[in-house]
Each structure stands twice: as structure tokens, then as C-alpha cells.
Amino acid sequence: MKKKAKKKVSTREDIWNTRCDEIWQFIKKNHRGPSRHHPEEHQLLNWMKFNRKTLNKGKMPEHRKIKFQKLTEYLHTYHSINQYI
């Protein structure tokens, strides 16, 4: 009899870290954050919005807070400034 391979159960922390890494790679590749104008990017955008709200409410754990703030700082390095203002 063959033994069934056990599926690795992802914890919420693993899922959060995976999504954070996905967004980091997205920003690195595209030099911008996820857009609401591209349907394929909505999951990433919603994750960013949800975590931004959680951070602003003060409900984000400290270790996530540090990582999320680094992510937003990295994103802001690609912000463009309107030169005509």
C-alpha cells in the first residue's frame, strides 16, 4: 500500500509572508504598485489595502508592522512626482 503524502498546512503567518514576498517581487519587476485598473492585480491591491487599514487601526502585530512598513517604503521609491505642479 502506498502512503499518502501529507499536505503541508500553511499557517496564516506563512500565507502573509508569501503574499508580502509576491508584492515585493511585483514592485521590483514593474517599478510600481498593484493597480486597480488591472484586474489580474486586484488580489495584490486588496492585500495592500487591507494591511494598510490594519496598520492604521493599530491592530497589526509588531513583526508584520516592520515588514509592511519596509514594503511601503520600497514602493514609495518608485513614486513619480508630477513635474508640472
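## Overall organisation

Of the contacts in the protein chain with a separation of 6 or more, 52% are made by residues 24 or more positions apart. The model is predicted. The protein chain holds three helices and zero strands, and its elements run α-α-α from the N terminus on. Of its 85 residues, 26% count as buried.

## Helix α1

Helix α1 covers residues 12-30. At 1.5 Å a residue, the 19 residues of α1 should span 27 Å, and the end C-alpha atoms are 27 Å apart, which agrees. The buried residues of α1 are Trp16, Cys20, Ile23, Phe26 and Ile27. These residues take up an arc of only 120 degrees around the axis, which puts them on the same side of α1. The cover over the buried residues of α1 includes α2 and α3.

Glu13 also belongs to helix α1. With a relative accessible area of 27%, Glu13 is partly exposed, since the partly exposed class lies between the 20% limit for buried and the 50% limit for exposed. Leaving aside neighbours within four places in sequence, Glu13 is in contact with His63 and Arg64. Glu13 and Arg64 are 51 residues apart in sequence, while their C-alpha atoms are 9.1 Å apart in space. Arg64 is itself one of the buried residues of α3.

## The loop after α1

His31 comes just after α1 and takes a positive phi of about 60 degrees. The residue has this positive phi although it is not a glycine. His31 is placed in the loop between α1 and α2. At 45% relative accessibility, His31 counts as partly exposed.

## Helix α2

Helix α2 covers residues 42-57. The helix has 16 residues and reaches 22 Å from its first C-alpha to its last, close to the 22 Å expected at 1.5 Å a residue. Leu44, Leu45, Trp47, Met48, Asn51 and Thr54 are the buried residues of α2, and they pack against α1 and α3. After α2 comes Gly58, with a positive phi near 80 degrees.

Leu55 is another residue of helix α2. Not counting residues up to four places away in sequence, Leu55 touches Met60, Lys65, Phe68 and Gln69. Leu55 and Gln69 are separated by 14 residues in sequence and by 9.1 Å in space, C-alpha to C-alpha. Another of these partners, Phe68, is buried in α3.

## Packing of α1 against α2

The two helices α1 and α2 pack at an angle of about 115 degrees, and their axes are 11 Å apart. The crossing in which α1 passes α2 is left-handed. On the α1 side, the contact is made by Trp16, Arg19, Cys20, Glu22, Ile23 and Phe26. On the α2 side, Gln43, Leu44, Trp47, Met48 and Asn51 take part.

By residue class, the contact of α1 with α2 divides into seven nonpolar, two polar and two charged residues. Several participants are also on the lists of buried residues: Trp16, Cys20, Ile23 and Phe26 are buried in α1, and Leu44, Trp47, Met48 and Asn51 are buried in α2.

## Helix α3

Helix α3 runs over residues 62-76, a stretch of 15 residues. From its first C-alpha to its last it reaches 21 Å, close to the 21 Å expected at 1.5 Å a residue. Arg64, Phe68, Leu71, Thr72, Tyr74 and Leu75 are buried in this helix. Seen down the axis of α3, the buried residues fall within an arc of 155 degrees, so they line one face of the helix.

On the other side of α3, Glu62, Lys70 and Glu73 are exposed. The cover over the buried residues of α3 includes α1 and α2. The two individual contact sets described above also reach this helix: Glu13 of α1 is in contact with His63 and Arg64, and Leu55 of α2 touches residues including Lys65, Phe68 and Gln69.

Technical notes. Residues numbered from 1 in each chain as written. Predicted model: local features only at pLDDT ≥ 70, side-chain atom pairs only at ≥ 80, totals over all residues. Heavy atoms only, no water. Helix = DSSP H or I, 4+ residues; strand = E, 2+ residues; numbered from the N terminus. Expected span 1.5 Å × (residues − 1). Buried < 20%, exposed > 50% of the residue type's maximum accessible area, 1.4 Å probe, protein only. Arc of directions from axis to C-beta. Contact = heavy atoms within 4.5 Å. Axes fitted to C-alpha atoms, helices over the stretch in contact; angles between N-to-C directions. Left-handed = near helix turned anticlockwise from the far one by under 90°. Nonpolar A, V, L, I, M, F, W, Y, C, P; charged D, E, K, R; others polar.
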